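Here is a short briefing on one helix and one pocket. Look at the model first, then read on.

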Amino acid sequence: MRLNLRELIHTPGGSVPFAFAMDLSELDFGGICPAQHPIQVTGTVRNRAGALELQGEASTVLELHCDRCGKAFSQEQTIPLDTLLATELADEESEGEIYLLEGEELDLDEIARTAFILGMDTKHLCSEDCKGLCAKCGANLNEGPCDCKKEVDPRLSALAKLLEQPEE
């Protein structure tokens with residue numbers, strides 16, 4: 001979505017609200033496409049004493065797989081949007097902090113897409129206390145303990161044999 005800011009650039013104290021839906025369903029994160037639902041982007045561009053400021057958020061429900069147990073789950077994701085806008089840069093050092101307008105227009109898709117991608121978590125868990133899968137048999141430990149015997153460290157096997165001997 002392109003937003004024309006011609007009027008706002010010359011109107012200190014003015015604001016322009018925006019709201020649109022963005023489709024990132026084809027975006028691949030580690031072999032899955034979690035953004036199957038439209039991403040709702042809302043916010044406002046304000047002129048504060050000649051400085052343009054964009055504030056808003058991008059939110060959706062992600063369809064994910066737990067990195068520990070592999071269970072499919074849904075999770076709400078809301079990413080804040082907060083950036084300064086300018087028609088030109090005074091110096092090259094502030095290039096990463098300020099978004100340049102294309103003429104008098106703002107490409108909201110690019111800002112929202114970049115913020116959403118950078119705001120994605122690198123690890124997805126179905127719950128904070130997910131126990132994962134048994135490394136030996138693959139049982140989901142969230143559903144209960146598995147029947148695997150704990151392996152004894154080979155360095156401690158001599159001690160394990162002492163514990164197994166009946167007392168005389």
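In H2, the buried residues (under 20% relative accessible area, 1.4 Å probe, protein chains only) are Leu108, Ile111, Ala112 and Phe116. Seen down the axis of H2, its buried residues fall within an arc of 120°, so they line one face of the helix. That arc is taken from the directions from the helix axis to the C-beta atoms. This is a predicted model: local features need pLDDT of at least 70, side-chain atom pairs count only at pLDDT 80 or more, and totals for chains, interfaces and linings use all residues. Residues are numbered from 1 along each chain as its sequence is written, and side-chain values use heavy atoms, leaving out hydrogens and water.

**Helix H2**
- Helices are DSSP runs of H or I with at least four residues, strands are E runs of at least two, and both are numbered from the N terminus.
- The twelve residues of H2 should span 16 Å at 1.5 Å a residue (1.5 Å times one less than the number of residues), and the end C-alpha atoms are 16 Å apart, which agrees.

**Leu108**
- Leu108 lies in H2, residues 108-119.
- Its relative accessibility is 3%, so Leu108 counts as buried.
- Beyond neighbours within four places in sequence, Leu108 is in contact (heavy atoms within 4.5 Å) with Met1, Leu3, Phe18, Phe20 and Leu54.
- Thr87 is 21 residues from Leu108 along the chain, and their C-alpha atoms are separated by 15 Å.

How values were computed
Buried means under 20% relative accessible area, exposed over 50%, partly exposed in between (1.4 Å probe, protein chains only).
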